[in-house]
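Reader: Hey, got a minute to go through the charged pairs in this one with me? I'd like to start with how you sort side chains by exposure.

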Amino acid sequence: MTSQISFQFNPSFYKKTNPAIIKKCVAKTIKDTTLEAEKRCKEKAPYDTGNLRRSHSSKYSAEEGTVHNSAKYAVYVITGTYKMPARNYPSEVCKELGQEKYMANRFRKHLRDEGVTK
């Protein structure tokens with residue numbers, strides 16, 4: 001299961017702002033968002049033994065971030081089985097982050113930190 005979010009900028013934004021600063025702010029935003037998504041997945045994962053929650057990990061670069069779960073049964077919890085309904089908490093986390101405009105707010109914060117905006 002993969003969720004993807006893209007950054008798109010108006011071409012005039014590049015004329016007003018140093019591309020290196022934009023790239024730096026995007027990288028920080030990806031890092032922040034990936035770590036927040038991992039935290040929320042750990043909070044929302046069903047708890048029995050705690051293994052599912054502990055099995056979450058994340059990695060990120062300047063261009064992408066991923067949250068992964070290494071528990072072998074995670075796919076069955078998320079997609080469900082004929083005996084158990086799906087508990088798709090990763091999708092819930094993505095929806096929450098989207099509704100809160102988390103990435104946009106973090107990006108604006110990093111632009112302010114760099115002195116680009118007020």
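Author: Sure. Partly exposed means a relative accessible area between the two cut-offs: under 20% is buried and over 50% is exposed. Keep in mind that this is a predicted model.

Reader: Fine. So how many salt bridges does a search of the whole structure find?

Author: The search turns up 11. One of them pairs Lys24 with Glu114, with the closest N and O atoms 3.2 Å apart. That pair links distant parts of the chain, 90 residues apart: Lys24 sits in helix H2 (residues 19-44), and Glu114 in the segment after helix H6 (102-113).

Reader: And Lys24, is that buried or exposed?

Author: In between. Lys24 has a relative accessible area of 41%, so it counts as partly exposed. Glu114 is partly exposed too, at 27%.

Reader: OK, switching to Glu38. Which residue does it form a salt bridge with?

Author: Lys42, with 3.3 Å between the closest N and O atoms. The two are four residues apart in helix H2, so about one helical turn separates them. Glu38 is buried, at 11% relative accessibility, whereas Lys42 is partly exposed at 33%.

Reader: What about Asp113 and Lys109, how do their side chains meet?

Author: In a salt bridge, 2.6 Å from N to O. Those two are four residues apart in helix H6, about one helical turn. Lys109 is partly exposed, at 28%.

Reader: Last one: which residues are linked in a network of salt bridges?

Author: Glu36, Lys39, Arg40, Lys44, Glu92, Glu96 and Glu100.

Conventions: Residues are numbered from 1 along each chain as its sequence is written. This is a predicted model: local features need pLDDT of at least 70, side-chain atom pairs count only at pLDDT 80 or more; totals for chains, interfaces and linings use all residues. Side-chain values use heavy atoms; hydrogens and water are left out. A salt bridge is a side-chain nitrogen of Lys or Arg within 4 Å of a carboxyl oxygen of Asp or Glu. Buried means under 20% relative accessible area, exposed over 50%, partly exposed in between (1.4 Å probe, protein chains only).
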